[in-house]
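Notebook open, viewer open. I want to go through the strands, one helix and the salt bridges, and jot down what I find.

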Amino acid sequence: MTGATGAIRIVRATARDSARLTAMVRRSRAYEGHYAAMVAGYRVGAVYIDTHPVHLAVDDDDTLLGFYSLVLSPPELDLMFVADAAQGRGIGRRLVGHMLDEARAAGLDTVRVVSHPPAEGFYRSVGAERVGTSPAIPGSVPWERPELVFRLHGEA
């Protein structure tokens, strides 16, 4: 797969990526309006990156196109963002495919996703199924969120 400036690679994040991952989260158009408060003070810290498998989609110029974080226990796709300028180029699908491969390699049977409400359709389009709703968390997340799961057993 190639991007505007060349091939797209998925690589493991390092602690040095903390600032650019944090910037992507805080600047995401998906979190404008009433969703903005959720990411206003959010930080993807170096310890978090060292603790969990975090992978980046980058082009040949090392431009950050997107990233995801997979928490292994309990299994959850904790973060997934695609740069606003890279939307619609298949980056999200590629990141999900990579995440599912990593989850299988880790011996996981399922991966949970508590989705940003506008992203539910995307996750369903890449194979997740809705299993419920995660309740609002007063003071932090004032709205319910779709809860989905990727089932990994029986897949190639």
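How many bridges join β5 to β6, and do they run parallel or antiparallel? I looked it up: there are 7 bridges, and the two strands run antiparallel. A note to self before going on: this is a predicted model.

**Entry 1, the β5/β6 hairpin.** I find 2 residues between β5 and β6 in this hairpin. Gly66 sits opposite Val82 of β6. I also checked burial for β6 (residues 75-82): 6 of its 8 residues are buried, so the rest of the structure largely encloses this strand.

**Entry 2, β4 and its neighbours.** Next I went to β4 (residues 54-58), where 5 of 5 residues are buried. Val54, Leu56 and Val58 point one way, His55 and Ala57 point the other way, and all are buried. On one pairing, strand β3 (residues 9-12) runs antiparallel to β4 with 4 bridges, and Arg12 has His55 as its bridge partner in β4. On another, β4 pairs with β5 (residues 64-72) over 5 bridges, again in the antiparallel sense. There I noted Leu64 in β5 as the bridge partner of Val58. β4 and β5 make a hairpin with 5 residues between them, and Asp62 in the turn has a positive phi of about 65 degrees.

**Entry 3, salt bridges.** My search of the whole structure gave 8 salt bridges. I followed Asp62 first, since it had just come up. Its side chain meets that of Arg20 in a salt bridge, 3.6 Å from N to O. Asp62 is in the loop between β4 and β5 and Arg20 is in helix α1 (residues 18-27), so this pair ties together parts 42 residues apart in sequence. Arg20 also forms a salt bridge with Asp17, with the closest N and O atoms 3.1 Å apart. Which of these are buried? Asp17 is buried at 9% relative accessible area, under the 20% cut-off. Arg20 is partly exposed at 26%, and Asp62 counts as partly exposed at 40%.

Then I looked at Glu120 and Arg130, whose closest N and O atoms are 3.1 Å apart in a salt bridge. Glu120 lies in helix α5 (residues 120-125) and Arg130 in strand β8 (residues 129-134), so the pair ties together parts 10 residues apart in sequence. Glu120 is buried at 13%, while Arg130 is partly exposed at 37%. Back to the earlier trio: shared partners join Asp17, Arg20 and Asp62 into one salt-bridge network.

**Entry 4, α4.** Last, I checked helix α4 (residues 91-105), which has 15 residues and reaches 21 Å from first C-alpha to last, close to the 21 Å expected. Its buried residues include Ile91, Leu95 and Met99. After α4 comes Gly107, with a positive phi near 80 degrees.

Note on methods. Residues are numbered from 1 along each chain as its sequence is written. This is a predicted model: local features need pLDDT of at least 70, side-chain atom pairs count only at pLDDT 80 or more; totals for chains, interfaces and linings use all residues. Side-chain values use heavy atoms; hydrogens and water are left out. The expected span of a helix is 1.5 Å times one less than its number of residues. Buried means under 20% relative accessible area, exposed over 50%, partly exposed in between (1.4 Å probe, protein chains only). Two strands pair if DSSP finds at least two bridges between them. A salt bridge is a side-chain nitrogen of Lys or Arg within 4 Å of a carboxyl oxygen of Asp or Glu.
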